[in-house]
Amino acid sequence: MKKQIIAFALGALTLLGASAQNTSKLTATKANEYGLIYTLPLTAFNVTIAAEKTVKTPGEFYQYAKKYLNADPILAPSVSWRITEAAIEQTAFPDEQERYLVTLKNGSGAFVTVSDDNFPISLNDEAYRWSCPVVNLPEAKKARPTILQLPIARQAVTPEMIQSKSSAKRAELAAAKIYELRNMRSEIISGQADAMPSDGAAMKLALDQIASQEEALTAMFLGTVQTSTEVRTYNVDIPAEGAPERRVLARLSMVDGLVAPDDLSGSPIYVTVSPQTRGALPVNDKGETKSFPKGGVAYRIPGTGLVSVSFDGKTLVGGTYDVAQYGVVFGLDPSLFTSRKSPSYLHFNPLTGAIRELGTINK
């Protein structure tokens with residue numbers, strides 16, 4: 001069968017590669033009186049927030065960092081949080097007020113494919129596949145062990161450091177070990193070491209070992225910094241009345257990270273939903289609103305809305321989306337899809353119920 005596309009673009013959504021959804025085929029037969037029922041979708045959004053936790057811990061010898069390393073150390077333990085990323089993902093849920101019985105008679109075998117939520121996917125085109133827009137969502141990350149939590153830290157400590165009961169003496173010995181390691185590295189690189197590594201692989205192993213021990217000893221003076229990332233997803237519904245709305249999505253606490261909207265220990269993260277355009281019913285040549293055809297194939301003419309997420313006066317993420325709630329419902333004459341010679345096919349946008357493509361099938 002060859003499809004001839006009719007120019008029909010009503011807010012078509014660009015769908016990128018993602019996993020296709022499961023579909024079911026509903027065929028108009030005498031058994032169901034040639035009637036097929038489906039539900040139009042309403043729009044919702046998932047907002048995913050990533051917050052990074054930073055834990056700073058002073059080293060054992062922080063008081064001697066300036067003296068031996070001429071560096072500024074971490075002076076006190078601290079925990080802080082910051083938002084690193086945010087993403088908006090459009091979703092849909094059933095509009096229980098917009099369930100339609102489409103009548104497709106004449107024994108044409110016309111059919112509708114629907115999603116698991118009974119959203120219409122296509123009419124008279126079983127091969128059509130749809131997929132959700134690809135959104136790169138942030139990922140949670142566990143804290144990695146600091147250099148002082150690794151076995152190499154124990155290897156860096158000398159017997160003299162272990163035996164000494166004076167922190168000042170241990171700091172002096174640790175600093176001496178750092179300079180000794182630096183000297184060893186210099187001698188290996190210049191080829192002047194008494195016991196040179198046998199080959200390139202052995203040299204790399206030796207230099208890596210020296211660098212790790214130096215890093216561990218230096219951390220005993222300067223302290224350590226450990227980071228992890230927490231990710232949470234929040235559902236955002238469109239206000240029923242379609243008015244602009246800004247509300248607190250969550251809060252960011254400098255101690256506890258992402259907390260509930262009513263937890264005043266954190267600063268607010270806002271989500272704003274604002275209508276931009278409204279869908280309108282089609283009109284005839286006289287400018288009169290067309291009537292919904294009897295038993296018609298219902299679809300949505302959506303509007304558009306701006307959705308944005310902000311924190312501390314800055315926009316984290318935002319965009320304009322087709323929104324079902326800002327639109328209207330109209331229908332196509334069912335006879336378009338029951339012609340024996342040249343029936344039409346129809347592709348829906350399952351996130352809004354809008355038409356993506358309408359065409360004819362030449363048999």
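This is a short walk through some strands, one helix and a few side chains of the structure above. The model is predicted.

I start with the sheet. Five strands form an open sheet in the order β9-β8-β10-β11-β12, and the pairing is antiparallel. The edges are taken by β9, residues 257–259, and β12, residues 314–332; each has a single partner strand, so one side of each has no neighbour in the sheet. From one strand to the next the twist averages 30 degrees. At the β9 end, the pairing with β8, residues 245–253, is antiparallel and runs over 3 bridges. One residue pair to look at there is arginine 251, whose bridge partner in β9 is valine 259.

Next, a hairpin. Strand β13, residues 344–349, and strand β14, residues 354–362, run antiparallel and are joined by 6 bridges. Histidine 347 has glutamate 357 of β14 opposite. Between the two strands of this hairpin there are 4 residues, and in the turn glycine 353 has a positive phi of about 85 degrees.

Now helix α5. The helix covers residues 200–222, which is 23 residues. From first C-alpha to last α5 reaches 32 Å, close to the 33 Å expected at 1.5 Å a residue. What do we find at the two ends of α5? At the start, a side-chain oxygen of aspartate 199 comes to within 3.3 Å of the backbone nitrogen of alanine 201. After the helix comes glycine 223, with a positive phi near 95 degrees.

Which residues of α5 are buried? They are Leu207, Ile210, Gln213, Glu214, Ala216, Leu217, Thr218, Ala219, Met220 and Phe221. The list includes Gln213 and Glu214. As for what covers these buried residues, the elements include α1 (65–69), α2 (151–156), α3 (159–163), α4 (167–190) and β7 (224–237).

Phe221 brings me to the aromatic rings. There are 7 aromatic pairs in the count. In one of them, the ring centres of tyrosine 68 and phenylalanine 221 are 6.4 Å apart and the planes are at 70 degrees; the angle is over 60, so this pair is edge-to-face. The pair connects distant parts of the chain, with tyrosine 68 in helix α1 and phenylalanine 221 in helix α5, 153 residues apart. Both tyrosine 68 and phenylalanine 221 are buried.

A second pair is phenylalanine 292 with phenylalanine 330. Their ring centres lie 6.2 Å apart with the planes at 75 degrees, so this pair is edge-to-face. Phenylalanine 292 sits in the loop between β10 (267–277) and β11 (297–311), phenylalanine 330 in strand β12, and 38 residues separate them. Are these two rings buried or exposed? Phenylalanine 292 has 35% relative accessibility and counts as partly exposed, while phenylalanine 330, at 7%, counts as buried. Both belong to one aromatic cluster, made up of Tyr100, Phe292, Tyr299 and Phe330.

The loop between β10 and β11 also holds threonine 289. With 48% relative accessibility, threonine 289 counts as partly exposed. Setting aside residues up to four places away in sequence, threonine 289 touches Leu281, Pro282 and Val283.

Another threonine is number 48, in strand β3, residues 35–57. Threonine 48 has a relative accessible area of 3%, so it is buried, the limit being under 20%. What does the side chain of threonine 48 make a polar contact with? The partner is the side chain of threonine 233, at 2.9 Å. Besides Thr233, the residues touched by threonine 48 include Glu85, Ala86, Ala87, Leu137, Pro138, Val231 and Arg232, again not counting residues up to four places away in sequence.

My last residue is glutamine 90, in strand β4, residues 78–103. Glutamine 90 is buried, with a relative accessible area of 9%. The side chain of glutamine 90 reaches the backbone oxygen of aspartate 322 at 2.8 Å. Leaving out neighbours within four places in sequence, glutamine 90 is in contact with Thr43, Ala44, Phe45, Tyr321, Asp322, Leu351 and Thr352.

Notes:
Residues numbered from 1 in each chain as written. Predicted model: local features only at pLDDT ≥ 70, side-chain atom pairs only at ≥ 80, totals over all residues. Heavy atoms only, no water. Buried < 20%, exposed > 50% of the residue type's maximum accessible area, 1.4 Å probe, protein only. Polar contact = N/O pair within 3.5 Å; in protein donor to acceptor, adjacent residues only side chain to side chain. Contact = heavy atoms within 4.5 Å. Pairing = 2+ DSSP bridges. Axes fitted to C-alpha atoms, helices over the stretch in contact; angles between N-to-C directions. Expected span 1.5 Å × (residues − 1). Phe/Tyr/Trp six-rings, centres within 6.5 Å; stacked < 30°, edge-to-face > 60°.
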